[in-house]
Number of protein chains: 2
Amino acid sequence: MPIKKKSKSEAKGNSNAHSPCAEEIRAAGLKLTPVRVKVLELLKQEHCLLTIDEIVKRLSLSEGKTKVDWTTVYRTLLTFTDAGLVTHTTLVDGALRYEYQHASHEDHHHHHHVSCKKCGMIESIDACEIEKIQKQVEKMGFRELSHRLEFTGVCPKCS
Amino acid sequence: MPIKKKSKSEAKGNSNAHSPCAEEIRAAGLKLTPVRVKVLELLKQEHCLLTIDEIVKRLSLSEGKTKVDWTTVYRTLLTFTDAGLVTHTTLVDGALRYEYQHASHEDHHHHHHVSCKKCGMIESIDACEIEKIQKQVEKMGFRELSHRLEFTGVCPKCS
DNA sequence: ATTCGAAATGACAATGATTTGCATTCACTC
DNA sequence: GAGTGAATGCAAATCATTGTCATTTCGAAT
């Protein structure tokens with residue numbers, strides 16, 4: 001049965017271990033599993049923010065045989081968030097979106113987003129200084145721009 | 001039964017009609033009902049953003065006898081939104097919040113918000129120029145400030 | 001390579017939030 | 001004041017998210 005049977009460590013271990021994500025998952029102190037690799041790979045390759053819905057659907061579509069469970073994806077994302085591998089935010093549409101957190105920018109790196117009123121597409125903007133951003137966004141060809149700025153902090157009462 | 005009985009038009013019609021909100025509701029082409037008046041009054045007097053949960057609870061507490069139905073509040077807010085009387089946004093916490101839309105500033109008026117990481121309190125900021133806002137927020141006594149800026153517009157593809 | 005314990009997974013149930021359907025009540029016009 | 005269509009309240013349906021638990025899998029130690 002050499003053709004049919006591959007040991008599990010071969011069949012899955014290989015494909016997992018060869019992914020560039022594998023190292024990161026291990027480095028974060030997490031077990032290396034197929035689902036985790038797939039989720040992280042997806043978030044990494046997709047440069048924009050993804051909803052859970054989008055993640056589950058893309059993972060289900062990409063490989064016919066592997067159907068990923070919603071519960072598992074929820075938990076995986078929670079685990080990744082706790083481990084600092086991904087972050088999540090809520091944009092104006094109210095949907096919670098997950099995003100790969102590039103290790104190199106770990107600490108204070110934050111960026112902003114432009115979303116399209118019509119198609120809902122979301123792009124990220126690297127600059128942080130606000131005026132520059134506005135220009136940058138315009139150069140990207142966006143029209144009818146409006147913006148939303150939200151501060152978060154500790155109020156006087158809570159200080 | 002003069003004490004017990006008031007005709008409906010007296011009992012409700014009066015209190016409704018005398019509210020400063022009544023006129024606005026009529027002006028928007030909507031029927032004048034007790035629930036609508038109460039919801040709009042609440043949103044108007046509360047200067048900050050309210051979740052549906054908060055709206056229902058405050059209306060239920062304020063007047064013992066009148067219990068407002070969740071469904072009705074949902075529909076009332078939808079109606080108001082369609083009519084342009086209120087607007088809704090989602091802040092970082094992901095909760096959908098409703099806000100009275102001042103008629104006088106109708107068109108391009110927009111403002112920003114500061115929310116407290118700890119107590120969740122939300123205040124609105126009238127200025128729009130971003131640097132001024134940052135200063136203003138600091139003067140309000142907020143600490144550990146971080147901010148989020150989000151643009152919305154039409155992307156090149158959709159133009 | 002095999003075994004073992006702990007953790008991850010997937011199927012399903014449970015919860016919570018929001019929406020829908022429908023019968024009743026109410027606001028507004030005549 | 002009566003009639004009509006819309007608004008309301010209740011119950012049931014739907015959708016998203018979380019919890020439970022038996023089974024499977026990972027990774028360390030043999």
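**Exercise 1. Describe how β4(B) pairs with β5 of chain B, and what the hairpin between them looks like.**

Step 1. In this predicted model, β4(B) and β5 (residues 122–125) of chain B pair in the antiparallel sense over 4 bridges. Strands are DSSP runs of E with at least two residues, numbered from the N terminus; helices are runs of H or I with at least four. Two strands pair if DSSP finds at least two bridges between them.

Step 2. Pick a facing pair. His112(B) stands opposite Ile125(B) in β5(B).

Step 3. Look at the turn. The hairpin has 5 residues between the strands, and Gly120(B) takes a positive phi near 80 degrees.

Conventions: residues are numbered from 1 along each chain as its sequence is written, and chains are lettered from A and ligands numbered from 1 in the order in which they are written. Local features need pLDDT of at least 70, side-chain atom pairs count only at pLDDT 80 or more, totals for chains, interfaces and linings use all residues, and side-chain values use heavy atoms, with hydrogens and water left out.

**Exercise 2. Find which strand of chain A joins β4(B), and in which sense.**

Step 1. Strand β6 (residues 143–154) of chain A is joined to β4(B) by 4 bridges. The two run parallel.

Step 2. Phe151(A) has Val114(B) as its bridge partner in β4(B).

**Exercise 3. Quantify the interface between chain B and chain A.**

Step 1. Count residues. 41 residues of chain B are in contact (heavy atoms within 4.5 Å) with 42 residues of chain A.

Step 2. Take the area. About 4,000 Å² is buried, and carbon and sulfur atoms give 58% of it. Buried area is the accessible area (1.4 Å probe) that two parts lose on being put together, summed over both. In chain B, Arg148(B), Glu150(B) and Phe151(B) lose the most area to chain A, together 21% of what that side buries.

Step 3. Count salt bridges (Lys or Arg side-chain nitrogen within 4 Å of an Asp or Glu carboxyl oxygen). There are 2 between the chains. One of them links Glu150(A) to Arg148(B), with the closest N and O atoms 3.0 Å apart.

**Exercise 4. Determine how the two copies are related.**

Step 1. Superpose by least squares on C-alpha atoms of residues with pLDDT of at least 70 in both. Chain B lies on chain A with an RMSD of 0.4 Å, after a turn of 178 degrees and a shift of 0.0 Å along the axis.

Step 2. The copies are therefore related as by a two-fold rotation axis.

Step 3. In chain B, the C-alpha nearest the axis belongs to Leu149(B), at 2.0 Å.

Step 4. The same surface serves both copies: 100% of the contact residues of chain B recur in chain A.
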